[in-house]
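Here's a quick briefing to read with the model open next to you. Take it one topic at a time and find each part on screen as you go.

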Amino acid sequence: MTTDTPPATEVLVVADCWEAEPDAEAVVMRAIDAAASMVDADTGDAELAVMLTDDSGIRTLNNNWRGIDKPTNVLSFPALQPAAGSPDDAPRMLGDIAIAFETTRKEADDEHKPFDHHLSHLAVHGFLHLIGYDHEKDDDAETMESLEQQILAQLGIPDPYAERERMD
């Protein structure tokens, strides 16, 4: 069921390097709101947190949770859903997203994309993981990428995969 109410989203800036992008919090909020409005998932009564960190912080998370000792652009941590019979008044958590500044900046620069476009893409990508999308299998990847393209188009952001498709 698609909902018009976005999840309650908190953006936590935990690394000083994000000061170089003062609109980052608003960009992330706008991307999450757009994604929530276009997916077939009830996210209106849910909460999520987005942590804007640096490469060092995300490298630690990546190593601790995935056993990969290197930085990455975005990580998603879906929340465990409450067991049946849990109190109804507890907030429903979607999970957490972490985005690394330096990797995001480097990728945006390398791909000649505006930083806010790439940040929006990573926020949408992370959000889709929280609600159950993945890209482990080709069919799933195509579904997820198509949805990302539609959401980003709604935000006026060009297809982030167009360059890759031209190179194939």
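**Helices that cross**

α3 and α4 are oblique to each other. That's because their packing angle is about 120 degrees, and angles of 65 to 115 degrees are what count as roughly perpendicular, while over 145 is roughly antiparallel. Keep in mind that you're looking at a predicted model.

*More on α3 and α4*

- The axes of α3 and α4 sit 9 Å apart, and the crossing is right-handed.
- On the α3 side, the contact is made by F101, T104, R105, E107 and A108; on the α4 side, look for F115, H118, L119 and L122.
- Sort the residues of this contact by type and you get five nonpolar, two polar and two charged.
- In general, two packed helices are described by an angle and a distance, both taken from their axes.

*The loop between α3 and α4*

- H112 is in the loop that links α3 (101-110) to α4.
- Is H112 buried or exposed? With a relative accessibility of 74%, H112 counts as exposed.
- The backbone has a little surprise here: H112 isn't a glycine, yet it has a positive phi of about 55 degrees.
- As a rule, most residues other than glycine have a negative phi.

*α4 and α5*

- Next up are α4 (residues 115-130) and α5 (residues 138-154), whose axes come within 10 Å and cross at roughly 130 degrees.
- These two helices are also oblique to each other, and their crossing is right-handed.
- Which residues meet here? From α4 they are S120, H121, V124, H125, L128 and H129, and from α5 they are M144, L147, E148, I151 and L152.
- By type, the residues in the contact of α4 with α5 are six nonpolar, four polar and one charged.

**The whole chain**

- Zooming out, the chain has six helices and four strands.
- Follow the sequence along and you'll go through the pattern β-α-β-α-β-β-α-α-α-α.
- Of the chain's 168 residues, 40% count as buried.
- If you take the contacts with a separation of 6 or more, 68% of them come from residues 24 or more positions apart.

**The nonpolar cores**

- The largest nonpolar core has 36 residues, and the ones with the most contacts inside it are W18, I97, I99 and F127.
- At least two residues of this core come from each of α1 (24-38), β2 (46-53), β4 (92-100), α4 and α5.
- There's a second, separate core of five residues, including I58, L61, A98 and A100.

**Three residues to click on**

- *I97:* Skip its neighbours within four places in sequence, and I97 still touches plenty of residues, among them I32, L48, V50, M51, A123, F127 and L130.
- *M51:* This residue lies in strand β2 and is partly exposed, with a relative accessible area of 25%.
- M51 and I97 are 46 residues apart along the chain, but their C-alpha atoms are separated by 6.1 Å.
- Again leaving aside neighbours within four places, M51 is in contact with L12, V14, L61, I97, A98 and I99.
- *T9:* You'll find T9 in strand β1 (residues 8-13).
- T9 counts as buried because its relative accessibility is 15%, and the cut-off for buried is under 20%.
- Beyond neighbours within four places in sequence, T9 is in contact with M29, I32, L48 and V50.

Note on methods: Residues are numbered from 1 along each chain as its sequence is written. This is a predicted model: local features need pLDDT of at least 70, side-chain atom pairs count only at pLDDT 80 or more; totals for chains, interfaces and linings use all residues. Side-chain values use heavy atoms; hydrogens and water are left out. Axes are lines fitted to C-alpha atoms, for helices over the stretch in contact, and angles run from 0 to 180 degrees between N-to-C directions. Angles under 35 degrees count as roughly parallel, over 145 as roughly antiparallel, 65 to 115 as roughly perpendicular and the rest as oblique. A crossing is left-handed if the near helix is turned anticlockwise from the far one by less than a right angle, and right-handed if clockwise. Contact means heavy atoms within 4.5 Å. Ala, Val, Leu, Ile, Met, Phe, Trp, Tyr, Cys and Pro count as nonpolar, Asp, Glu, Lys and Arg as charged, and the others, Gly among them, as polar. A nonpolar core is a set of buried Ala, Val, Leu, Ile, Met, Phe, Trp, Tyr and Cys residues joined through side-chain atoms within 4.5 Å. Buried means under 20% relative accessible area, exposed over 50%, partly exposed in between (1.4 Å probe, protein chains only).
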